[in-house]
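Hi,

Here is the structure I promised to pass on. Have a look at it first, and my notes on what turned up follow below.

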Amino acid sequence: MKKITLEIRPENKRSHINREIYGHFSEHLGRCIYNGLYVGEDSSVPNKNGVRKDVIEALKAIKIPVLRWPGGCFADEYHWKDGIGEKSGRKKMINTNWGHVVEDNSFGTHEFMDLCEELGCEPYIAGNLGSGTVSELAEWVEYMTFDGVSPMAELRRKNGREKPWRLKYLGIGNESWGCGGNMRPEYYADEYRRYQTFCKNFSGNELFKVACGPSANDYNWTEKLMPCLNEWNAKAISLHYYTIPTGDWSKKGDAVDFTDEEYYKTIKSTLYMEELVTRHSEIMSKTDPEGKIGLIVDEWGCWYDVEKGTNPGFLFQQNTMRDAIVAAINLNIFNEHSDRVVMANIAQAVNVLQAVILTEGEKMVLTPTYYVFKLYSGHQDSELVESVLNNETASSGDTEIPAVTKSVSIDKNGDMLITLANCSIDEDIAAEVSTGSFAASSASAEILCGEVHAYNGFDGKENVKSCAFDGITLSGNKLTFVMPKCSVIAIKLKK
């Protein structure tokens with residue numbers, strides 16, 4: 001049996017893990033909003049103000065910290081005034097990006113902001129820079145956040161909301177290098193500076209403005225953008241990167257039916273996130289050595305071919321143990337880079353891409369990815385501590401990957417959380433962990449494991465679900481245990 005060792009140095013606190021790293025993304029795409037999050041007040045599905053109650057409770061259970069909306073590519077064709085007021089009078093439009101279906105705007109600003117209040121999470125608005133205007137975005141901010149006398153504040157009150165909402169995160173444009181306008185970085189930088197100037201802080205609300213950063217390894221975009229930004233006009237830039245097993249956007253591979261080698265290629269593809277975050281951070285540090293501008297990975301996750309028989313524009317895919325391993329790897333990477341990564345948003349929350357929740361009529365499924373977020377939730381707002389892994393490898397064919405990925409944090413109560421993923425699908429791995437100067441009074445753990453193709457379907461069977469893991473031995477400052485193949489483990493050590 002292969003063996004790994006992990007040395008934890010708890011006295012070396014490296015950075016704060018923002019809770020927003022465990023964020024989510026909801027776009028007007030397929031069945032993410034409609035028949036996913038939102039079913040309408042008259043639906044037979046139990047709901048609160050039109051939002052499914054079971055989805056609300058599921059998201060609360062993983063302590064959802066932030067929700068991005070309304071896109072995605074949809075954001076740069078979205079005109080917010082179409083989604084306010086009496087629903088019978090709201091404009092209808094064609095969603096040209098996703099399936100060419102009718103968007104009736106029944107889920108708009110009030111519905112989204114009220115949902116975030118219900119969930120207790122921060123709203124993250126993606127503003128329309130691509131086809132919108134400066135005044136349109138400025139008025140949206142005023143509508144949501146101003147408590148004084150103004151046309152937009154009065155319009156909000158007329159529409160039933162007396163007090164403003166709190167809006168922290170504002171993205172100005174989405175994928176401006178692509179669907180958001182096919183802009184050059186120099187042009188976008190000037191547009192960003194113009195738009196953000198008119199997005200004001202009202203009534204004690206302070207905006208955390210996010211500039212559109214690069215796609216994957218477009219390092220030139222970051223090189224050109226960063227000199228145009230400072231801590232006064234931008235708090236962060238975004239990064240988008242999707243895990244595609246084949247590396248071919250035209251034939252991305254099946255979500256459930258894949259070979260061992262395709263699995264390992266998927267993991268290798270997702271591990272590329274480490275290089276992306278590292279290199280973009282290095283470029284950012286040239287003009288921002290103190291790290292005042294954060295990096296937000298506000299679109300990440302697996303992207304496969306859609307499920308057979310579904311609308312290709314709806315991006316619906318199943319979610320297996322492979323996706324759980326991908327989620328664990330990415331979250332560990334974000335934790336390890338939390339000195340620069342201040343938020344991340346998996347794509348997407350419900351029924352789209354690597355969703356944490358799937359719905360079909362009155363049925364709801366929690367995916368393997370959901371349970372990874374559950375296991376990792378204790379990292380939120382904790383302090384990353386240094387840890388050194390003596391690793392093994394796993395492979396199939398010509399594809400070789402590190403066998404284990406990890407991150408370690410200490411929370412405000414002084415308790416430690418260790419998260420590990422065994423990425424091998426055919427070998428258990430023995431683990432020995434040294435906690436250094438951390439004296440644990442007790443250890444408990446949860447595990448998520450299963451056959452790599454296993455998933456939770458609408459037949460009511462939960463084939464993949466986290467449960468207690470009692471295979472850990474604690475002796476002094478040493479932990480020993482065996483990580484089952486294809487598993488994710490979260491170990492809680494009480495001080």
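Before anything else, keep in mind that this is a predicted model. I'd start with helix α8, residues 321–336, which lies across β1 (2–17), β16 (382–390), β19 (404–410), β20 (416–422), β22 and β26. Its direction is at about 50 degrees to β19. Helix α9 (residues 368–376) packs on the sheet too, where it touches β20, β22 and β26. The angle between the directions of α9 and β22 is about 165 degrees.

Now the sheet itself. It is an open one of ten strands with mixed pairing, and if you walk across it you meet β23, β22, β26, β20, β19, β16, β1, β21, β25 and β24 in that order. Which strands stand at the edges? Those are β23 (467–468) and β24 (473–475); each has a single partner strand, so one side of each is left without a neighbour in the sheet.

Two of the strands touched by both helices, β22 and β26, also pair with each other. Strand β22 covers residues 442–449 and β26 covers 487–494, and they run antiparallel with eight bridges between them. If you want one pair to click on, take Glu446, whose bridge partner in β26 is Ala490.

Next, some backbone oddities. Most peptide bonds are trans, and most residues other than glycine have a negative phi. Here are the places where the model departs from that.

Cis peptide bonds:
- Trp69 to Pro70 is cis, with omega at about 5 degrees. Pro70 sits in the loop between β5 (66–69) and β6 (93–94).
- Gly71 to Gly72 is cis as well, with omega near 10 degrees. Gly72 is also in the loop between β5 and β6.

Positive phi without being a glycine:
- Lys63 has phi near 55 degrees. You'll find Lys63 in the loop between α1 (53–61) and β5.
- Asn182 has phi of about 50 degrees. Asn182 belongs to the loop between β9 (169–172) and α5 (185–197).

Are those two residues buried or exposed? Lys63 has a relative accessible area of 49%, so it counts as partly exposed. Asn182 comes out at 63%, which means it is exposed, as the cut-off for that is over 50%.

When you open the file, I'd go to the β5–β6 loop with its cis bonds at Trp69–Pro70 and Gly71–Gly72, then turn to the sheet and the two helices on it.

Cheers

Technical notes
Residues are numbered from 1 along each chain as its sequence is written. This is a predicted model: local features need pLDDT of at least 70, side-chain atom pairs count only at pLDDT 80 or more; totals for chains, interfaces and linings use all residues. Side-chain values use heavy atoms; hydrogens and water are left out. Helices (H or I, at least four residues) and strands (E, at least two) are DSSP runs, numbered from the N terminus. Buried means under 20% relative accessible area, exposed over 50%, partly exposed in between (1.4 Å probe, protein chains only). Two strands pair if DSSP finds at least two bridges between them. Contact means heavy atoms within 4.5 Å. Axes are lines fitted to C-alpha atoms, for helices over the stretch in contact, and angles run from 0 to 180 degrees between N-to-C directions.
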